[in-house]
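Could you walk me through this structure in the viewer, one selection at a time? I would like to know what to pick next and what is there.

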There are 2 protein chains.
Amino acid sequence: MKRSLAALVLALPLSLTAAPFSELTLSHADNLRQHAMQSDHAYRVVESLTTEIGPRLPGTHADQRAVDWAKARFEAMGFDSVRLEPVEVPHWERGFADARITLPFPQPLVITALGNSIATPDGGLEAAIIRFATLADLEAADPAAVKGKFVFIDHKMARFKDGRGYGPVVKARGRGAVAAAQKGAVGLLLRSVSTSGHRFAHTGVMRYVDGVTKIPAVALSGPDADQLTRMLALQSDIQVKLELDTLDHGVATSYNVIGEIHGSSKADEIVLIGAHLDSWDEGTGALDDGAGVGIVTAAAQHILALERRPQRTLRVVLYAAEEIGLIGAKAYRDRHKDTLDNHYIAAEADFGAGPIYRIDSRVNDSALSAFTLLTEQLAPLGVERGHNASWGGPDVSVLPVLGVPVAGLAMDGTDYFDYHHTPDDTLDKIKPEAIQQSAAVYTLFAWLMANAETELRPIPLPSQ
Amino acid sequence: MKRSLAALVLALPLSLTAAPFSELTLSHADNLRQHAMQSDHAYRVVESLTTEIGPRLPGTHADQRAVDWAKARFEAMGFDSVRLEPVEVPHWERGFADARITLPFPQPLVITALGNSIATPDGGLEAAIIRFATLADLEAADPAAVKGKFVFIDHKMARFKDGRGYGPVVKARGRGAVAAAQKGAVGLLLRSVSTSGHRFAHTGVMRYVDGVTKIPAVALSGPDADQLTRMLALQSDIQVKLELDTLDHGVATSYNVIGEIHGSSKADEIVLIGAHLDSWDEGTGALDDGAGVGIVTAAAQHILALERRPQRTLRVVLYAAEEIGLIGAKAYRDRHKDTLDNHYIAAEADFGAGPIYRIDSRVNDSALSAFTLLTEQLAPLGVERGHNASWGGPDVSVLPVLGVPVAGLAMDGTDYFDYHHTPDDTLDKIKPEAIQQSAAVYTLFAWLMANAETELRPIPLPSQ
């Protein structure tokens, strides 16, 4: 009885507003769902990108080749417009890296430089190590114990489907070198922010701040972090030698690559689906974020194949230089600041190949019922309704504070942190059936949002 | 009825010979089984070796440290004798290695030099590649198609519990460079002899022969081999640049490390259990063959803990330089040629950490019933009786042709070729319960063989 009453009350707002999706829109959605679930387009896009271009670190020649590849592909697909928007990006180069225990148990370590790290002085650095379980432990440490040593932060990431183990650990990647330098350390050895037990070091961006000495920073593979911990249990004085010859090439020009399907009746309103085109330099950027490129490209391809255009404009954005600090995302935000009010909704695929299991959002409360109906359309693909506190994915996360509604199409990331930012991020890690489903979900999301009769603004934001 | 009759006939020889194991021997076997299945000794040995020594390539300083480690450990255990037997070993060094596609899809490849490979000329080698599915296909090729190119052999290894996928594929590692050079190739790129989908290149020894030009030889990771195959499907002219600076340091001295528990009544008869102490240089040699070292060391430790000595002498041999061609094994064979007739039986643990699921042998037919009873003692540990055509493990495989009986304690190698000969061969890949069971099996095997009342010779050998 109570339940029926509640259902009635919940159903009430729907009856007072226009249906968010017309019969015709829903009929096309059925066609798109069927078509997308028989298409390998997304997989083929990733295959092409990772094979013909491979790794594409911002500012490199490979990055430029990736931009050319994306532009040519978009033009061949028949987008109504394709354009490049220049982005100034830092061009950092990994170079040679070597680390080894010198005493008392000499042996090599598997490491990789963190992105943005400076090089070691000529001849390398040799020092004892001091271990901390977490960044907070380092921050609480007596500087006298740290001075002149390598700081080793051994924070192990936990595995979750939604990747929530990442946030608490990745702080040490961003801020660890500064915290270590403030205590007088000579370098940072970070346990890879990763769920993998394999001997890959996971790179990722780190930051310096003005006024704090820059020290070199590297990631250790999980097995190497365990090895160091075992050594320290045997003997407190473990000496490490580190040689890095990273290079800072200054600033280069890259591009956000944009393809548009012009809307039939509300062309000035934008539904943005994005992914980032750049990748780290050691893998081929298949899961991160070739998969996202494949998913949003396939979604556009499927909609282009309809005889009917969406009412709103569908804009596919392949962002530049996500990995080194959302550079393309900020450039997009700044360049389009005068038209952000016209962005109906934005979403980014940047968490592997899927499958997508949940749709989160950040829209006005009055639009929640439309998301319930949207979820009904996604339910045959295995997608459930989630929360309304999404930030929409890394590159679009800069938009909600400017009022732009976002959706988060949550991908199963159980294995994502086994591979991301390593040499092992290669095409074979993508399950064709997973990326097919993800592309189908993005197709339906884009189509339904581009034709929805619902106001999504103003959006709720957390208080500062 | 038939079955009962057969059982009666099979039982007959037993009734005509002495029981192979006395009640006292079997009683101690019960104690040993219980003790061993509660001990983590084997795991702790591997932990110590892989942590304190790490990789130990023959001829290196680390190899010498491993010998010192083993000698000290054996002495501390209370063996009746511990000795080092010098072995002349080749000292090869990996050095720097880099390979990349230069055209038309420039990107780095994950490779590693095959053991024994020469370096490339200064400045490296750049050439097109030609792919062969197998060594046989290369051998059948027209030299005009191969001349001046890198040969890429893409033979994928199949996964089996007993590792039988290795033999058909590893031939190309040993002989591929010679076969390629005979057709005029400039170098060999071998798909790693591996079952792994991760981006590790698996090293392993290769050979040159007199009169054939030496060309550099490397292994590619599986994902890189797939990448090359995809590229070749897009475009036939794929250019690779290879730089290797391997070094041949000539000959160095290493040692077979031998510990003995002297037999109480048949001290001149030897039960040999072995493993190899050396490892490849990139991992820490945990599965290959730290695990074997742990298993045979723990077996001796458990038997030393008895108040009673075995009738025969138990000899534990930690062989030098197995990886680069059974060098320690051949030195042992030659040094002990006058006493090989006194070797009652030999077995080696060199296939990971287990568990052991089967016992094979190569003994006289009249001793098969004793192996049936031996298997009964191992059955509580999950071990079944296997065949009688064993070679006993790599280092003892040189002994049967000289008349020495051997046993093969077959380990579950389903995952072994995911890790072996890579940087990923580290302690965390060893399951404590698996190595515990393997050590218990070796303990019982050694104890029962050292006290058996059965003649194992002459052994059957395949005709030449």
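A residue counts as buried when its relative accessible area is under 20%, as exposed when that value is over 50%, and as partly exposed in between. Keep that scale in hand for the tour, and remember that this is a predicted model.

**Stop 1: a surface patch on chain A**

Start by selecting Trp391(A), in the loop that runs between β15 (384-385) and β16 (406-411) of chain A. With a relative accessible area of 35%, Trp391(A) falls into the partly exposed class. Now add Val401(A), Leu402(A) and Leu461(A) to the selection: together with Trp391(A) they make a nonpolar surface patch, and the accessible area of the four comes to about 350 Å².

**Stop 2: the sheet of chain B**

Move over to chain B and colour its strands. Which order do the eight strands of the open sheet follow? Reading across, you pass β3-β2-β9-β5-β6-β7-β8-β4, and the pairing is mixed. The edges are held by β3 (107-109) and β4 (111-113) of chain B; each has a single partner strand, so one side of each lacks a neighbour in the sheet. From one strand to the next, the twist averages 35°.

As a reminder while you look, backbone hydrogen bonds are what pair the strands of a sheet, in either a parallel or an antiparallel way.

Next, select β5 (residues 125-132) of chain B. Six of the eight residues in β5(B) are buried, so this strand is mostly covered. On one flank, β5(B) pairs with β9 (residues 239-244) of chain B; this pairing is antiparallel and has four bridges. To see it residue by residue, look for Ala127(B), which faces Val240(B) in β9(B), and for Leu125(B), whose bridge partner is Leu242(B). β5(B) also pairs with β6(B), this time in parallel, and again four bridges make the connection. Here Ile129(B) has Phe150(B) of β6(B) as its bridge partner.

**Stop 3: Leu244 in chain A**

Go back to chain A and select Leu244(A), which belongs to strand β9 (residues 239-244) of that chain. Is Leu244(A) buried or exposed? Its relative accessible area is 3%, so Leu244(A) is buried. Show what surrounds this side chain: the residues touching Leu244(A) include Phe96(A), Ala97(A), Ile111(A), Ala113(A), Pro216(A) and Val218(A). For a sense of distance, draw a line from the C-alpha of Leu244(A) to that of Leu84(A): they are 35 Å apart in space and 160 residues apart in sequence.

**Stop 4: backbone features to zoom in on**

The next selections are about the backbone. Most peptide bonds are trans, and most residues other than glycine have a negative phi.

Select Asp288(A) and Asp289(A), which are joined by a cis peptide bond with omega of about 10°. Asp289(A) is part of helix α9 (residues 286-304) of chain A. Then do it again in chain B: a cis peptide bond, with omega of about 10°, links Asp288(B) and Asp289(B), and Asp289(B) sits in helix α9 (residues 286-304) of chain B.

Now pick Asn116(A), in the loop between β4 (111-113) and β5 (125-132) of chain A. Its phi is near 95°, a positive value in a residue other than glycine. Asn116(A) has 30% relative accessibility, so it counts as partly exposed.

**Stop 5: Ala321 in chain B**

Finish with Ala321(B), found in the loop between β12 (312-319) and α10 (327-335) of chain B. Phi is positive in Ala321(B) too, with a value near 50°. What is the relative accessibility of Ala321(B)? The value is 1%, so Ala321(B) is classed as buried. Display its contacts, among them Pro58(B), Val89(B), Asp278(B) and Ile327(B). As a last step, draw a line from Ala321(B) to Tyr357(B): these residues are 36 places apart in sequence, and 27 Å separates them in space, C-alpha to C-alpha.

Terms used: Residues are numbered from 1 along each chain as its sequence is written. Chains are lettered from A and ligands numbered from 1 in the order in which they are written. This is a predicted model: local features need pLDDT of at least 70, side-chain atom pairs count only at pLDDT 80 or more; totals for chains, interfaces and linings use all residues. Side-chain values use heavy atoms; hydrogens and water are left out. Two strands pair if DSSP finds at least two bridges between them. Helices (H or I, at least four residues) and strands (E, at least two) are DSSP runs, numbered from the N terminus. Axes are lines fitted to C-alpha atoms, for helices over the stretch in contact, and angles run from 0 to 180 degrees between N-to-C directions. Patches are made of residues with over 30% relative accessible area and no salt bridge: like charges are joined within 9 Å, nonpolar side chains (Val, Leu, Ile, Met, Phe, Trp, Tyr) within 5 Å. Accessible areas come from the Shrake-Rupley method with a 1.4 Å probe; for residues, only the protein chains shown count as cover. A salt bridge is a side-chain nitrogen of Lys or Arg within 4 Å of a carboxyl oxygen of Asp or Glu. Buried means under 20% relative accessible area, exposed over 50%, partly exposed in between (1.4 Å probe, protein chains only). Contact means heavy atoms within 4.5 Å. Lists of a residue's contacts leave out its neighbours within four places in sequence.
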